[in-house]
Amino acid sequence: MTDYSRVERLALCDLFEAVGPDQPTLCEGWTTYDLAVHLHVREADPLAGPGIMIPALSDTTERRMARAKAKYSFTEVVDKVRTGPPAFTIYSIPGLGHNLNTTEYFVHHEDVRRAVPDYTVRDLPAGQQEGLWKAVRLAAKTMTRKAPSGLVLRLPDGTESVAKKPTAEGSVTVTGEPAELVLFCFGRQAVAQVELSGDPATVERLRTASFGV
């Protein structure tokens, strides 16, 4: 079975090398150099990892990223990301590492690809779309917990999954391919190629809300 997390890892590293260290990304305030450092410390620095998900520890993560950026050139960091996680981390465990990285590398690849106005939407293999659909159903409840309304994910064939139960604001249905639903749930609403249906005011609040990562 194809490990699409590795496919995305390698493709992103190729893109890093093509565009260089100073290109914008969809991660606010981060250049491609910053994003590459983030990916490196997430997998290789046990002191940096927790702060990526726990806001109270984010200062530590920022210091560790700054330290890595001062120590390694952009090319060196990209090479480390391309090589993959060190053997002592959970990311190197077969199966587990794949699951942890399925959305991580896809989303960050698109963070670089879609940071320019003339980006194109890739035609992904069916197997990768299936993996992303499975991943987003598992992650969406966490990623959308701060969404102002309920949220239902719907595939073009009508298959649905409830990401968040209706709130006082009601609920919005988001329809698109799995890859686009991943981007939407991970806070990339501005570039996700999806259709939103529901009360117009609620739809607009969801479209512009801050949630995901």
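Start by selecting Thr-83, which sits in helix H5 (residues 74-83). Helices here are DSSP runs of H or I with at least four residues, strands are E runs of at least two, and both are numbered from the N terminus. Thr-83 is exposed, at 65% relative accessible area. For the whole tour, buried means under 20% relative accessible area, exposed means over 50%, and partly exposed is in between, using a 1.4 Å probe and protein chains only.

A word on what you're looking at: this is a predicted model, where local features need pLDDT of at least 70 and side-chain atom pairs count only at pLDDT 80 or more, while totals for chains, interfaces and linings use all residues. Residues are numbered from 1 along each chain as its sequence is written, and side-chain values use heavy atoms, with hydrogens and water left out.

**Across to Arg-9**

From Thr-83, jump to Arg-9: the two are 74 residues apart in sequence, yet their C-alpha atoms are 9.4 Å apart in space. Arg-9 belongs to helix H1 (residues 4-19). Is Arg-9 buried or exposed? It's buried, with a relative accessible area of 5%. Show what surrounds Arg-9: leaving out neighbours within four places in sequence, Arg-9 contacts Glu-43, Val-81, Arg-82, Gly-84, Pro-85, Asn-101 and Tyr-105. Contact means heavy atoms within 4.5 Å.

**H2 against H6**

Next, select helix H2 (residues 32-44) and helix H6 (residues 96-113), whose axes come within 11 Å and cross at roughly 170 degrees. That makes H2 roughly antiparallel to H6. Axes are lines fitted to C-alpha atoms, for helices over the stretch in contact, and angles run from 0 to 180 degrees between N-to-C directions. Angles under 35 degrees count as roughly parallel, over 145 as roughly antiparallel, 65 to 115 as roughly perpendicular, and the rest as oblique.

Put side chains on the contact: from H2 you want Thr-32, Leu-35, His-38, Leu-39, Arg-42 and Glu-43, and from H6, Leu-100, Asn-101, Glu-104, Tyr-105, His-108, Asp-111 and Val-112. Colour the H2 and H6 contact by class and you get five nonpolar, four polar and four charged residues. Here Ala, Val, Leu, Ile, Met, Phe, Trp, Tyr, Cys and Pro count as nonpolar, Asp, Glu, Lys and Arg as charged, and the others, Gly among them, as polar.

**H6 over H8**

Keep H6 on screen and add H8: the two pack at an angle of about 85 degrees, with their axes 10 Å apart. So H6 is roughly perpendicular to H8. Thr-103, Phe-106, Val-107 and Glu-110 of H6 meet Ala-179, Val-182 and Leu-183 of H8. The contact of H6 with H8 splits into five nonpolar, one polar and one charged.

**Along the loop to H7**

Pause at Pro-125, in the loop between H6 and H7. Pro-125 is partly exposed at 36% relative accessible area. Its C-alpha is separated by 9.6 Å from that of Tyr-4, although the pair is 121 residues apart along the chain.

Now select helix H7 (residues 126-143) and helix H8 (residues 178-185), with axes that come within 8 Å and cross at roughly 20 degrees. H7 and H8 are therefore roughly parallel to each other. On the H7 side pick Gln-129, Leu-132, Trp-133, Val-136, Ala-140 and Met-143, which meet Pro-178, Ala-179, Leu-181, Val-182 and Cys-185 in H8. By class, the H7 and H8 contact has ten nonpolar, one polar and no charged residues.

Zoom in on Ala-140, which is buried at 2% relative accessibility. Not counting residues up to four places away in sequence, Ala-140 touches Leu-153, Ala-163 and Cys-185.

**Into the core**

Which residues touch the most other members of the largest nonpolar core? Select Phe-106, Leu-153, Val-174, Phe-184, Leu-196 and Leu-206, out of 29 residues in that core. A nonpolar core is a set of buried Ala, Val, Leu, Ile, Met, Phe, Trp, Tyr and Cys residues joined through side-chain atoms within 4.5 Å. H6, H7, strand S1 (150-154), strand S3 (171-175), H8 and helix H9 (200-208) each supply at least two residues of this core. H8 gives the largest share, six residues.

**Last stop**

Finish at Gln-189, in the loop between H8 and strand S4 (195-197). Gln-189 is buried, at 9% relative accessible area. Beyond four places in sequence, Gln-189 touches Leu-183, Phe-184, Leu-206, Arg-207, Ala-209 and Phe-211.
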